[in-house]
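Good morning, and thank you for coming. I would like to take you through one protein chain, beginning with a loop and then widening the view.

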Amino acid sequence: MAVSDERLCSYDWIQDAENVGSVKRQLAHLFEVSLRTTVPSEPDIAPLVEPCAAKSGVKFGDYQCNNAMGIWSKIKGKQAEFKGPPSVGQAIMKNLPPSDIIESCSVAGPGFVNVVLSRNWIAQSLQRMLIDGIETWAPRLPLKRAVVDFSSPNIAKEMHVGHLRSTIIGDTLARMLEFSHVDVLRRNHVGDWGTQFGMLIEFLFEKFPNPEDVNEAAIGDLQTFYKASKVRFDSDPEFKQRAQQAVVRLQGGETRYRDAWKQICEISRTEFHRVYERLGVHLEEKGESFYNPHIPGVLEELNKKGMIEDSEGARVIFLKDVNIPLIVVKSDGGYNYASTDLTALWYRINEEKAEWIIYVTDVGQQQHFDMVFKAAKRAGWLPADDNSYPKATHVGFGLVLGEDGKRFRTRNTEVVRLVDLLDEAKNRSKTALLERDTAKEWPEEEVEKTSEAVGYGAVKYADLKNNRLTNYTFNFDQMLNDKGNTAVYLLYAHARICSIIRKSGKDIEEVKKNAKIALDHEDERALGLHLLQFSEVVEEACTNLLPNVLCEYLYNLSEIFTKKFYSNCQVVGSPEEGSRLLLCEATAIVMRKCFYLLGIVPVYKI
């Protein structure tokens, strides 16, 4: 069956309008044209295109279309021209429109259509990226604005290793979405409201009767201050009563109490900033207090919809298939996490017009968010279908464990302060760096910057390379190892690529203008193909909110470059030097973008 000119024009329009970086999407458009021609009676079949996996060490192509079996199950007995899945696969292959992308096709097994990409097309795609920039490979997601709610420590408490995963994972998700043309509102939903502030404010008044004496130096360690106030609260009934009254006065807006609250929050922010500065993380704080004025109106809206009921003195929402109610007003008349989180979700959908609201917290909060999302669906704020927008998603993660397999703590059973953890990573990295002869001649500033990049990068990558739902063991020796799947290995691999380009003595910008990429050697082609899969990997990591997918891609890229291309394809001084320098540059550019998306600073020499 021939493909009409009208269909080919339609395909050209789609290709121009869509992201040109994704091989998978471009092949999907080709197969979509073929499927419409092959089975016009089944217009809703979406093309199933995936990279080929090796079977017994053999790959039958670069990509494959897996629609034949599904189509056969739908048309069996209806269309006599097809005798089974293989004949459907043959028809799909035959009806593919002409394209520069495909070098050859074959049908295997129960109708799998295997595609081998054109070497010239891969080379030309890489060449265009070098000229036009890697931003042209950015995925295009079907939404304009997202909220990523991450980090979210509690005021007056130290950030510790328990906040590490939320901060690192949330930042990477925000970076990947931003790269994919999504306007991301990075929200730090700090715990800056509630009963503990009455306790802290009353303790502050006792210690510092003169408000002008209150500052970070005078208070000292805020965590110690918090613990001391908690001891008073638990042991002194009179103090406890004053603290409870202080909460009412704070929430009532009395100036003296509001001022004390602001002072405590500001001291905490200074502590948080030290961590965020080291991690290179940017957030906009909109804490619990921000949403507090909106809570009555939101609860009134839910009440009018008949969702809120009285239960044992509290106000609650009963949810289908959940055996506990969602408490939105406590029996003492106060609000709680559910009141604030429902209001924040309402605000993000209605006021900030976010289409995807992503909450990055530990897996222990899964049930809480499930209940909040169910209530939002019942209220009509979210659609019943989880795949439609606007949508809300809880991104859960496991624990950080110590060598003993228990929650990571210091020897005196305290949780580990995040600042101390990051500083130790940097110091260990610096010690290892200064053991290298080349680094001993470096200026102090360069040693410091490289130690930070490697140390902080090692901590981030050790977290991000794991599926976020699993626990992982924190081990400095493993994460700072320069062999294996570590940030140190990846950063050094990038530095080696930069070194190859420097040793050539060539201006890489001039090489881009005068040389052309050729992929004649099988290892050149393997590297080129992997580079070209960057866009679809980022899209997959974004869609499924899994940073480890990008980490795996980056590690495999380094392995292909080092163990295949660099081992078997001489660069400097070879007849193919120009082409291979461009492959080195393309690899370095893709690696740097991966580092950026993971929040890791690259190093250029070792």
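**From a loop to the sheet**

Let us begin with His-181, which sits in the loop between α6 and β6. Please keep in mind throughout that this is a predicted model. The phi angle of His-181 is near 70°, a positive value in a residue other than glycine. As a reminder, most residues other than glycine have a negative phi, and most peptide bonds are trans. Is His-181 buried or exposed, or does it fall in between? With a relative accessibility of 44%, His-181 counts as partly exposed, because that class covers the range between under 20% for buried and over 50% for exposed.

A second residue with a positive phi is Ser-151, at about 75°, and Ser-151 is not a glycine either. Ser-151 belongs to the loop between β5 and α6. Its relative accessible area is 4%, so Ser-151 is buried.

These two loops flank helix α6, and that brings us to the elements they connect. Strand β5, helix α6 (residues 164-179) and strand β6 together make a β-α-β unit, and the unit is right-handed. β5 and β6 (residues 183-188) run parallel and are joined by 5 bridges. Within that pairing, Val-147 has Leu-185 of β6 as its bridge partner.

What does β5 pair with besides β6? Strand β11 (residues 356-360) also pairs with β5, in the parallel sense, over 4 bridges. Here Val-147 stands opposite Ile-357 in β11, and Ala-146 has Trp-356 as its bridge partner in β11. In general terms, strands of a sheet pair through backbone hydrogen bonds, either parallel or antiparallel.

We can now assemble the sheet. Its 5 strands follow the order β7-β6-β5-β11-β12, the sheet is open, and the pairing is parallel. The edges are formed by β7 (284-285) and β12 (391-395), each of which pairs on one side only. Why is β5 described as largely enclosed by the rest of the structure? Of the 5 residues of β5 (residues 145-149), 4 are buried, and therefore the strand is largely enclosed.

**The approach to β12**

Just ahead of the edge strand β12 there is a feature of the backbone to point out. Tyr-389 and Pro-390 are joined by a cis peptide bond, with omega about 0°. Pro-390 is located in the loop between α15 (366-378) and β12.

**Strand β10 and the loop after it**

I turn next to Leu-326, which is part of strand β10 (residues 326-329). Leu-326 has a relative accessible area of 4% and is buried. Which residues does Leu-326 contact, leaving aside its neighbours within four places in sequence? Among them are Arg-315, Val-316, Ile-317 and Leu-319, and the list also includes Ala-338, Leu-342, Met-371, Val-372 and Ala-375. By C-alpha atoms, Leu-326 and His-394 are separated by 17 Å, and they are 68 residues apart along the chain.

Asn-336 offers another setting, in the loop between β10 and α14 (337-350). At 22% relative accessibility, Asn-336 counts as partly exposed. Leaving aside its neighbours within four places in sequence, Asn-336 is in contact with Ile-327, Val-328 and Lys-330. Between the C-alpha atoms of Asn-336 and Ala-588 there are 49 Å in space, with these positions 252 residues apart in sequence numbering.

**The chain as a whole**

Finally, let us step back. The secondary structure comes to 24 helices and 14 strands. The C-alpha trace spans about 85 × 70 × 40 Å along its principal axes. How many residues does the chain have, and what share of them is buried? There are 606 residues, and buried residues make up 52% of them.

Among the contacts with a separation of 6 or more, 73% are accounted for by residues 24 or more positions apart. The accessible surface of the chain is about 27,800 Å², and 49% of that surface belongs to carbon and sulfur atoms. As for charge, the chain carries 75 positive and 85 negative side chains, and the centres of these two sets lie 2 Å apart.

To close, I return to the strand at the heart of this talk: β5 pairs with β6 through 5 bridges and with β11 through 4 bridges. Thank you for your attention.

Key
Residues are numbered from 1 along each chain as its sequence is written. This is a predicted model: local features need pLDDT of at least 70, side-chain atom pairs count only at pLDDT 80 or more; totals for chains, interfaces and linings use all residues. Side-chain values use heavy atoms; hydrogens and water are left out. Helices (H or I, at least four residues) and strands (E, at least two) are DSSP runs, numbered from the N terminus. Buried means under 20% relative accessible area, exposed over 50%, partly exposed in between (1.4 Å probe, protein chains only). Contact means heavy atoms within 4.5 Å. Accessible areas come from the Shrake-Rupley method with a 1.4 Å probe; for residues, only the protein chains shown count as cover. Lys and Arg count as positive and Asp and Glu as negative; His and the chain ends are not counted. The place of a charge is taken as NZ of Lys, CZ of Arg, CG of Asp or CD of Glu. Two strands pair if DSSP finds at least two bridges between them. A crossover is right-handed if, with the strands pointing away from the viewer, the path from the first strand over the helix to the second runs clockwise.
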